[in-house]
Each structure stands twice: as C-alpha cells, then as structure tokens.
Amino acid sequence: MDINSLMRILKDKNEKYDIYSLLDEKIIMLKKLGNVNYAALFERTRAILQEYFGSHYLTFDRIDAHWLRRLEVKMKVEGLSASTIGIHMRNIRTVYN
C-alpha cells in the first residue's frame, strides 16, 4: 500500500468523528458512571454549539482559534459569565483531547 492510500484511509477514519458524536459519547459515559450533573454540563455545551452552528456534522478540522474566538464572542453577547464560558471551552477541550 502506498502512502497516499494509507493517508486516505486514515483521513476517512477520522472524518467520522465530529464534536457532536464525541460529546454524546462523553455524556453517555458520565451518566453510566452516575455523574449526571457533570453530564448535564456537557449536554448544555452541546446545545450551545447546535444553537450557534447548527445540528449538522461539525468536524474537528473546522475548529481552530478563530472558530473558538467566534464562539466566545457569541457566548459573551448572550450574557454568559466568564466562568460559564470557561466551562464550555473546557468541555470542548476535553472531547478534543
């Protein structure tokens, strides 16, 4: 197999993961562990992302510093506090990592 074929396979594998599906996996895991309050924070992060960016497929290659700044500004305009914005940014970082 040549390098281009391998890269295409790896790229196709990674494209199936979007932020919504990973947030859903995290929420399910937290609920199974009994961490319903922590799961609720991730559910709220998911709802905010859907509200701002729609419910379509949102891959990680679209998320960059500019995207995160736009999200932060949108949350500030909505009146969210700095600590609440920090929680949502942390949740995004958690599923990204």
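A crossing of two helices is called left-handed if the near helix is turned anticlockwise from the far one by less than a right angle, and right-handed if clockwise. Keep that in mind for the exercises below, which all use the predicted model shown above.

**Exercise 1. Describe the overall make-up of the chain: how many helices and strands are there, and what share of the residues is buried?**

Solution. Start with the secondary structure: the chain has five helices and zero strands. Reading along the sequence therefore gives the pattern α-α-α-α-α. Next, turn to burial: of the 97 residues, 30% are buried. Finally, look at how far apart the contacting residues lie in sequence. Among contacts with a separation of 6 or more, 59% join residues 24 or more positions apart.

**Exercise 2. Work out how H2 and H3 are arranged: are they roughly parallel or antiparallel, and is the crossing left-handed or right-handed?**

Solution. Two packed helices are described by the angle between their axes and the distance between the axes.

Step 1: the axes of H2 and H3 come within 8 Å, with a crossing angle of roughly 160°.

Step 2: angles over 145 degrees count as roughly antiparallel, so H2 is roughly antiparallel to H3.

Step 3: for the hand, H2 passes H3 in a left-handed crossing.

Step 4: list the partners. H2 brings Ile19, Tyr20, Leu23, Asp24, Lys26, Ile27, Leu30 and Lys31, while H3 brings Tyr38, Ala39, Phe42, Glu43, Arg46, Leu49, Gln50 and Phe53. Sorted by class, the contact of H2 with H3 holds ten nonpolar, one polar and five charged residues.

**Exercise 3. Do the same for H4 and H5: what are the angle, the hand and the residues of the contact?**

Solution. Begin with the geometry: H4 (residues 65–77) and H5 (residues 82–96) have axes that come within 10 Å and cross at roughly 150°. This pair is therefore roughly antiparallel. The hand comes next, and H4 passes H5 in a right-handed crossing.

Now the residues: from H4, Trp67, Leu68, Leu71, Glu72, Met75 and Lys76 meet Ile85, His88, Met89 and Ile92 of H5. By class, the contact of H4 with H5 has seven nonpolar, one polar and two charged residues.

**Exercise 4. Classify the packing of H3 against H5: roughly parallel or roughly perpendicular?**

Solution. The axes of H3 and H5 come within 10 Å and cross at roughly 95°. The range for roughly perpendicular is 65 to 115 degrees, so H3 and H5 are roughly perpendicular to each other. On the H3 side, the contact uses Tyr38, Leu41, Phe42, Arg44, Thr45, Ile48 and Leu49, and on the H5 side Ile87, His88, Arg90, Asn91, Ile92, Thr94 and Val95. The classes in the contact of H3 with H5 come to eight nonpolar, four polar and two charged residues.

**Exercise 5. Take Met89 and Ile92 in H5: is each one buried or partly exposed?**

Solution. Both sit in the same stretch to be inspected: Met89 lies in helix H5, and Ile92 lies in helix H5.

Step 1: apply the cut-off. Buried means under 20% relative accessible area. Met89 has 21%, so Met89 is partly exposed. Ile92 has 6%, so Ile92 counts as buried.

Step 2: find the partners, leaving aside neighbours within four places in sequence. Met89 is in contact with Leu68, Leu71, Glu72 and Met75. Ile92 is in contact with Ile19, Thr45, Leu49, Trp67, Leu68 and Leu71.

Step 3: check a distance for each. Met89 and Leu68 are 21 residues apart in sequence, with 8.2 Å from C-alpha to C-alpha. For Ile92 and Ile63, 29 residues apart along the chain, the C-alpha separation is 9.9 Å.

**Exercise 6. Locate the largest nonpolar core: which residues have the most contacts inside it?**

Solution. In soluble globular proteins, nonpolar side chains tend to be buried together. Here the largest nonpolar core has 21 residues, and those with the most contacts inside it are Ile19, Leu49, Phe53, Trp67, Leu71 and Val95. Helix H2 (19–32), helix H3 (36–53), H4 and H5 each supply at least two residues of this core. To finish, follow Val95: not counting residues up to four places away in sequence, Val95 touches Ile19, Leu22, Leu23, Lys26, Phe42 and Phe60.

Conventions:
Residues numbered from 1 in each chain as written. Predicted model: local features only at pLDDT ≥ 70, side-chain atom pairs only at ≥ 80, totals over all residues. Heavy atoms only, no water. Axes fitted to C-alpha atoms, helices over the stretch in contact; angles between N-to-C directions. Helix = DSSP H or I, 4+ residues; strand = E, 2+ residues; numbered from the N terminus. Parallel < 35°, antiparallel > 145°, perpendicular 65-115°, else oblique. Contact = heavy atoms within 4.5 Å. Nonpolar A, V, L, I, M, F, W, Y, C, P; charged D, E, K, R; others polar. Core = buried A, V, L, I, M, F, W, Y, C linked by side-chain atoms within 4.5 Å. Buried < 20%, exposed > 50% of the residue type's maximum accessible area, 1.4 Å probe, protein only.
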